[in-house]
Amino acid sequence: MERFRVEGGHRLSGAVRVHCAKNAVLPILAGAILADDPTTVLDCPDIADVSNMVRILQTLGCEVSAQGAALRVDPSSIHSDTMPEDLSKRLRSSVFMMGALLGRLRRAVVPYPGGCEIGQRPIDLHLSGLTALGVDIREEGGLVVCDGGRMRGGEVHLDYPSVGATENVMMAAARIPGRTVIHNAAREPEIADLQRFLNACGARIAGAGSATIEIEGVRRMRGATYRPMPDRIEAGTLLAAAAATGGEVELTDAPVEELGAVMAKLREMGCRVEAGAGRVALAAPPRLDSPGQLITLPYPGFPTDMQAQMLALTCCARGTSIITETVFENRFTHVGDLRRMGANIVVKDRTAIVRGVRSLHGARVCARDLRGGAALLIAGLAAHGETVVEGAELIDRGYERLEWMLGGLGARIRRERQTDE
């Protein structure tokens, strides 16, 4: 167990490169098993979720090797259709393997996935989408057993634009006979990135990024070399950290278009934000203004994965902020720790009302999920005194050495072993 120790009050400045997106890399690694030849995924972030996905692929029989930040996946020796339960419980994105295994082997046995406890996140939409393709699904002893022996293309109508369900159906349909149409598909940019990767491997998919995706099944897919898109959530987190300290930073290799909703809110809070050609520059005022109301929504709305970080920003902003979480029902677990640091926050149902205070003070706090942990680090950067954020392993699920990135911008932050004090 490790923790971060943060000395607040230091203004961030400088330039930093954005890593490839966790939420793009994970489904792409799953999709690599659809190819008959090896695939190389470039610039994979060195994070816990990627490490767990690699171990899952190896358990299924794939050969995975690393050359620097590139991962080479050779699925030719895949021999198992059963997901390892212990690894699956650590990683929500393990659910992507269901569609990929069905596309490759016509069968998948998967436990209910794990990940951060930010809500129920049932997989009903995944299962109903696969059922529409002819998959026979049953539950046996806590496992979901999927038989795709009679799979064919079909019409899939999602009741909610679920990212995971959309990507699962895309991968399952890529190598089955017939035409598949996904209606009310999620529009997140990571889905368009998955389409680009699968098409590079020989799939025939169109429409990702819109509400309707069409897939013409192919008999064979080849390997490819592919670099996933930059991480819009990492980029947003770095911008929020700079804004919290009145800082001035430049992001390179940044997903400019995909950051639109986040940049708009930061401008409302008084930041000067300039963007173009893979570059985003932010200059923050000494004290931020309230953004008024912030509501999380599916893309292109404000991303739920940035809600916690923005809530941390509003703690010291002038005025009152109202933040409503519509995607997950349990995404305010960081609020109690922010209150311990001096924040004035009231939560009712899925809405947090934040009355800005002049300053926060350091405290011992604990990350309870990935993005909530990032929010506590941001609060610690802005606070007077020292903040200790326990549960570094949760933050490591989505950020590659975040203390190095922030430290390179002038933060006083270090990682240390967590002891029983």
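These questions and answers walk through a predicted model of a protein.

Reader: How many helices and strands does the protein have?
Author: The model is a predicted one. Both element types occur in the protein. The count comes to 14 helices and 23 strands.

Reader: Why can the protein be called as compact as a globular protein of its length?
Author: The globule rule gives 22 Å for 421 residues. The radius of gyration of the protein is close to that value, so the protein is as compact as a globular protein of that length. The radius of gyration is 21 Å.

Reader: What share of the residues is buried?
Author: Buried here means under 20% relative accessible area. The protein has 421 residues. The buried share is 59%.

Reader: What share of the contacts joins residues 24 or more positions apart?
Author: Take the contacts with a separation of 6 or more. Among these, pairs 24 or more positions apart account for 72%.

Reader: How far apart are the mean positions of the positive and negative charges?
Author: The protein has 49 positive and 51 negative charges. Each set has a mean position. The two means are separated by 2 Å.

Reader: What distance does helix α8 reach from its first C-alpha to its last?
Author: Helix α8 covers residues 232-244, which is 13 residues. At 1.5 Å a residue, 18 Å is expected. The actual reach is close to that, at 18 Å.

Reader: Is α8 largely enclosed or exposed, and how many of its residues are buried?
Author: The buried residues of α8 include R232, E234 and L238. Of the 13 residues in α8, most are buried, so the helix is largely enclosed by the rest of the structure. The buried count is twelve.

Note on methods: Residues numbered from 1 in each chain as written. Predicted model: local features only at pLDDT ≥ 70, side-chain atom pairs only at ≥ 80, totals over all residues. Heavy atoms only, no water. Helix = DSSP H or I, 4+ residues; strand = E, 2+ residues; numbered from the N terminus. Rg over C-alpha atoms; globule rule 2.2 N^0.38 Å. Buried < 20%, exposed > 50% of the residue type's maximum accessible area, 1.4 Å probe, protein only. Contact = heavy atoms within 4.5 Å. Lys, Arg positive; Asp, Glu negative; His and termini not counted. Charge placed at Lys NZ, Arg CZ, Asp CG, Glu CD. Expected span 1.5 Å × (residues − 1).
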